[in-house]
Amino acid sequence: MTDSVTATESPSTAASVTVRVPAKVNVQLAVGAARPDGFHDLANVFLAVGLYDEVTATPADELAITCSGPDAAQVPLDRGNLAARAALALAGRYGIEPAVHLHIAKDIPVAGGMAGGSADGAAALLACDALWSTGASREELLEICAELGSDVPFNLIGGAALGTGRGELLTPLTTGGTFRWVFAVADGGLSTPVVFGEFDRLTAGTDVPEPTAAPALLDALASGDPVALAKTLSNDLQAAALSLRPSLAATLAAGTDAGALAALVSGSGPTTAFLVPDEATAHRVAAALTASGTCRTARVAVSPAPGATVV
Ligand code: C5P
């Protein structure tokens, strides 16, 4: 990894390390009943999408976090930030002083259901690992990611993967081509625990089936056919997100009316995701979503995207 470290003279005097990390969309999010530990078993088909945050780790007197970007004001800069928690976890494991400044250049929607916070955790972990030359194995890094949060391991590996357990146990998946998306960014975020709580409320007294990945969806991913994928997209948290934020129904309708193949809430929301057949449609759907007044902004992105990478 030292060859890609931003070095002033040699890797041992590296001034800083920058890691680029993608957002995700869940093309299938099957949710089981709440477990005794409060988490839910999932069959979570993750797809990394080409919207990126960058985390730069620079030696400093003490742990500090800063953030830039249009939504930086919404990002907590305390030790609860997953980037800080990642640095502390790695430093603790290797007996290193966490004397590092982490700067987050934020482009992934905040609290939007696209794993932006988790992405910063994965990126900070990789950046600190390179800065401190810990020699941690990929497995160790994935273990720390899983301790940080259910989505964090996927942000590290990127591409496409099935997440089971609470989403942290990953099986990489093959994709047969590029899928194009438009994301409608809502005003304000939704809290993941609150959305899972609403899922519990809505499913109370019902028999919640074991979550399983849909074979047709995995086939569609492998084929690279967006029309086939559009028919199989599903998100068991969508009803909960819509219950908490009914206005998302108008956003979903605006995107499908404009020519999207399919629309769904991304993860726990409130970002909505629109699968489109080609670039021209992507721009048409993005323009229609923006003009509809049903979202704050619309972003165009392609998937799959690589995982966290030192740049
Ligand atoms: O793992 P993470 O910290 O991202 O999870 C945030 C919250 O989302 C959890 O505290 C829990 O309320 C909910 N969650 C869940 N089941 C999962 C993942 C997350 O209930 N599989």
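In this predicted model, the largest pocket is lined by 44 residues, and those lying nearest its centre are Leu82, Ser118, Asp151, Thr192 and Pro193. Several elements of secondary structure give two or more residues to this lining, namely β1 (17–34), β2, α1 (82–94), α2 (116–132), α3 (138–148) and α5. Of these, α2 gives the most, with 4 residues. The volume of the largest pocket comes to about 1100 Å³, and its lining divides by class into 18 nonpolar, 19 polar and 7 charged residues.

The ligand occupies this space, for the largest pocket is the one that the ligand takes up. Two elements, β2 (40–59) and α5 (192–203), each give two or more residues to the shell around the ligand, and the largest share, 3 residues, comes from α5. The residues that surround the ligand are Gly38, Phe39, His40, Leu42, Gly149, Ser150, Arg166, Thr192, Pro193 and Phe196. Sorted by class, this shell holds 4 nonpolar, 5 polar and 1 charged residues. Thr192 and Pro193 belong to the shell around the ligand, and they are also listed among the lining residues nearest the centre of the largest pocket.

Three polar contacts to the ligand can be set side by side, with the atoms on each side named.

| Residue | Protein atom | Ligand atom | Distance |
|---|---|---|---|
| His40 | polar side-chain atom | oxygen | 2.7 Å |
| Ser150 | side-chain N or O atom | oxygen | 2.6 Å |
| Arg166 | backbone N or O atom | nitrogen | 2.9 Å |

The ligand, taken alone, exposes 450 Å², and the protein buries 73% of that area. For Arg166, the contact in the table is made through a backbone N or O atom, whereas His40 uses a polar atom of its side chain, as does Ser150 with a side-chain N or O atom.

Apart from the pocket, the structure holds 1 cavity of 30 Å³ or more, and the largest cavity has a volume of about 40 Å³. Its lining is made up of Gln74, Val110, Gly112, Val185, Ala186, Gly188, Gly189, Pro270, Thr271 and Arg296. By class, the residues lining the largest cavity divide into 4 nonpolar, 5 polar and 1 charged.

Methods. Residues are numbered from 1 along each chain as its sequence is written. This is a predicted model: local features need pLDDT of at least 70, side-chain atom pairs count only at pLDDT 80 or more; totals for chains, interfaces and linings use all residues. Side-chain values use heavy atoms; hydrogens and water are left out. A residue is near a molecule or strand if one of its heavy atoms lies within 4 Å of it. A polar contact is a pair of N or O atoms within 3.5 Å; within protein, one must be able to donate a hydrogen and the other to accept it, and residues adjacent in sequence count only if both atoms are side-chain atoms. Accessible areas come from the Shrake-Rupley method with a 1.4 Å probe; for residues, only the protein chains shown count as cover. On a 1 Å grid over the protein atoms alone, a cavity is a set of points where a 1.4 Å probe fits but cannot get out, and a pocket is an open set with protein on both sides within 12 Å along at least five of seven lines; lining residues have an atom within 4 Å of a point. A molecule sits in a cavity or pocket if more than half of its atoms lie within 2 Å of its grid points. Ala, Val, Leu, Ile, Met, Phe, Trp, Tyr, Cys and Pro count as nonpolar, Asp, Glu, Lys and Arg as charged, and the others, Gly among them, as polar. Grid points are joined across faces, edges and corners, and a volume is the space filled by probe spheres set on the points.
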